[in-house]
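Got a minute to go over how the labels on this model are earned? Let's take them one at a time.

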Amino acid sequence: MGHAHQYSRTWARGVVILFMGSSVYILRCANGSYYVGITDRDVQTRFSEHQQGLHDGYTARNRPLELVHSEYFETIKDAIVCERRLKGWSRAKKEAWIAGRFDLLPGLSRRGGARD
């Protein structure tokens, strides 16, 4: 699942630039809904914070929670793109993603529908 503070390096005009990776995670809430989040820290630590209600908001009001998926990205930019995409998906499409049923994703795509 999560990786704590991993870095990748690239060269730009002779200078090493570090890009810290990030993880996107999906929590199943007590009310059955899904919460999609992003962290640059260890996913289990972030999950524990949600589970303890340390952050006011949606997950604090809908505990207990279950961590159902996480994915690590080398750059935060890639993680943000994934997080935004997942947040716009239907419940059925999120569930296919969680289950690893990527073959179902095209059939679950829709335009203009309500979000979950």
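Q: What makes a set of residues the largest nonpolar core here, and which of its 14 residues touch the most other members?
A: A nonpolar core is a set of buried Ala, Val, Leu, Ile, Met, Phe, Trp, Tyr and Cys residues joined through side-chain atoms within 4.5 Å. Of the 14 residues in the largest one, V24, I26, L86 and W97 touch the most other members. At least two residues of this core come from each of β3, β4, β5, α3 and α4. In general, nonpolar side chains tend to be buried together in soluble globular proteins.

Q: Before we go on, how should these values be read?
A: This is a predicted model, where local features need pLDDT of at least 70 and side-chain atom pairs count only at pLDDT 80 or more, while totals for chains, interfaces and linings use all residues. Residues are numbered from 1 along each chain as its sequence is written, and side-chain values use heavy atoms, with hydrogens and water left out.

Q: What does I26 touch, not counting residues up to four places away in sequence?
A: Contact means heavy atoms within 4.5 Å. By that rule, and with residues up to four places away in sequence not counted, I26 touches Y34, Y35, V36, E66, L67, V68, H69, L86, W97 and I98.

Q: Why is W97 called buried or exposed?
A: Buried means under 20% relative accessible area, exposed over 50%, and partly exposed in between (1.4 Å probe, protein chains only). W97 has 15% relative accessibility, so it counts as buried.

Q: And why does F102 get the label it has?
A: F102 is at 46% relative accessibility, so it counts as partly exposed.

Q: What makes W89 and W97 an aromatic pair, and of which kind?
A: Rings of Phe, Tyr and Trp (its six-membered ring) pair if their centres lie within 6.5 Å; planes under 30 degrees apart count as stacked, over 60 as edge-to-face and the rest as tilted. The structure holds three such aromatic pairs. In one of them, the ring centres of W89 and W97 are 5.4 Å apart and the planes sit at 75 degrees, so the pair is edge-to-face. Both W89 and W97 are buried.

Q: What about the rings of W97 and F102?
A: Their centres are 5.2 Å apart and their planes are at 75 degrees, so this pair is edge-to-face. Ring pairs thus link W89, W97 and F102 into a cluster.

Q: How do you know what span to expect for helix α3?
A: Helices (H or I, at least four residues) and strands (E, at least two) are DSSP runs, numbered from the N terminus. The expected span of a helix is 1.5 Å times one less than its number of residues. Helix α3 (residues 76-87) has 12 residues and reaches 16 Å from its first C-alpha to its last, close to the 16 Å expected.

Q: Why can you say that the buried residues of α3 line one face?
A: The buried ones are A79, C82, E83 and L86. Down the axis of α3, the buried residues fall within an arc of 100 degrees (the arc of the directions from the helix axis to the C-beta atoms), so they line one face of the helix. The face turned away from that buried side carries the exposed residues K77 and R84.

Q: What do the buried residues of α3 pack against?
A: They pack against β3 (22-28), β4 (34-39), β5 (66-73) and α4 (91-98). In α4, the buried residues are K93, K94, A96, W97 and I98, and these pack against β3, β4, β5, α3 and α5 (105-108).

Q: Why is L65 called buried or exposed, and where is it found?
A: L65 is found in the loop between α2 (58-61) and β5. Its relative accessibility is 7%, so L65 counts as buried. L65 touches L27, R28, C29, F47, H50, Q51 and T59, leaving out residues up to four places away in sequence. Apart from the largest core lies another, of seven residues, among them L27, C29, F47 and L65.

Q: What makes the peptide bond from R63 to P64 cis or trans?
A: The omega of this bond is near 0 degrees, and the bond is cis. P64 has its place in the loop between α2 and β5.
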